[in-house]
Amino acid sequence: MPGRLADLVAVDLGHPSLHPRVNLLKNVVYAMSPQAITDVWVHGQPVVRDGRLATLDQDDLLARVRALTRDWRVA
């Protein structure tokens with residue numbers, strides 16, 4: 001309905017975590033991988049598009065994390 005806010009999630013029904021397709025609802029609840037989620041909208045605004053964050057530049061974020069943690073040592 002126009003003018004209403006919506007929270008929606010799009011799922012790739014062909015994703016391997018949703019197979020075998022004996023009971024799709026049970027597969028979604030108990031077995032679906034987060035990678036099966038392709039798109040997310042919150043209050044009608046896109047948050048995830050094609051599996052990538054839509055609200056910020058993911059490549060820029062990862063570059064900033066690498067810069068901040070480049071001197072960290074792994075124990």
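**View A. D59 is partly exposed, with a relative accessible area of 48%, and it forms a salt bridge with R52.** The model is predicted: local features need pLDDT of at least 70, and side-chain atom pairs count only at pLDDT 80 or more, while totals for chains, interfaces and linings use all residues. Residues are numbered from 1 along each chain as its sequence is written, and side-chain values use heavy atoms, with hydrogens and water left out. The closest N and O atoms of R52 and D59 are 3.3 Å apart. Such a pair is called a salt bridge when a side-chain nitrogen of Lys or Arg lies within 4 Å of a carboxyl oxygen of Asp or Glu. Side chains of opposite charge can pair when their charged atoms come close. A search of the whole structure finds one salt bridge. R52 has a relative accessibility of 39%, so it counts as partly exposed. Buried means under 20% relative accessible area, exposed means over 50%, and partly exposed is in between (1.4 Å probe, protein chains only).

**View B. Four strands form an open sheet in the order β1-β2-β3-β4.** The pairing in this sheet is antiparallel. Its edge strands are β1 (8–11) and β4 (52–53), each of which pairs on one side only. Strands (E, at least two residues) and helices (H or I, at least four) are DSSP runs, numbered from the N terminus. Two strands pair if DSSP finds at least two bridges between them.

**View C. Strands β1 and β2 pair in the antiparallel sense.** Four bridges link β1 to β2, which covers residues 37–42. On β1, V11 has I37 of β2 as its bridge partner. A10 stands opposite D39, which also belongs to β2.

**View D. Strands β2 and β3 form a hairpin.** β3 covers residues 45–49, runs antiparallel to β2 and is joined to it by three bridges. Across this pair, V40 stands opposite V48, and W41 stands opposite P46. Two residues lie between the strands. H43 is in the loop between β2 and β3. The phi angle of H43 is near 55°, a positive value in a residue other than glycine. With a relative accessible area of 47%, H43 is therefore partly exposed.

**View E. A second turn links β3 to β4, and D50 lies in it.** The two strands run antiparallel and are joined by two bridges. R49 of β3 faces a residue of β4: R52 stands opposite it. This hairpin too has two residues between its strands. D50 has a positive phi of about 50° although it is not a glycine. Its relative accessible area is 68%, so D50 counts as exposed.

**View F. H15 sits in the loop between β1 and α1.** Is H15 buried or exposed? H15 counts as buried because its relative accessibility is 17%. A polar contact of 2.9 Å joins the side chains of H15 and S17. A polar contact is a pair of N or O atoms within 3.5 Å; within protein, one must be able to donate a hydrogen and the other to accept it, and residues adjacent in sequence count only if both atoms are side-chain atoms. Leaving aside residues up to four places away in sequence, H15 touches S33, Q35 and A36, where contact means heavy atoms within 4.5 Å.

**View G. A cis peptide bond runs from H19 to P20.** Its omega angle is near 0°. P20 is placed in the loop between β1 and α1, and H15 lies in this loop as well.

**View H. L25, V28, V29 and Y30 make a nonpolar surface patch of about 470 Å².** Patches are made of residues with over 30% relative accessible area and no salt bridge; like charges are joined within 9 Å, nonpolar side chains (Val, Leu, Ile, Met, Phe, Trp, Tyr) within 5 Å. Accessible areas come from the Shrake-Rupley method with a 1.4 Å probe, and for residues only the protein chains shown count as cover. V28 lies in helix α1, which covers residues 24–30. The relative accessibility of V28 is 34%, so V28 counts as partly exposed.

**View I. K26 is found in helix α1.** K26 is exposed because its relative accessible area is 51%. How far apart are K26 and T38 in sequence and in space? They are twelve residues apart in sequence and 19 Å apart in space, C-alpha to C-alpha.
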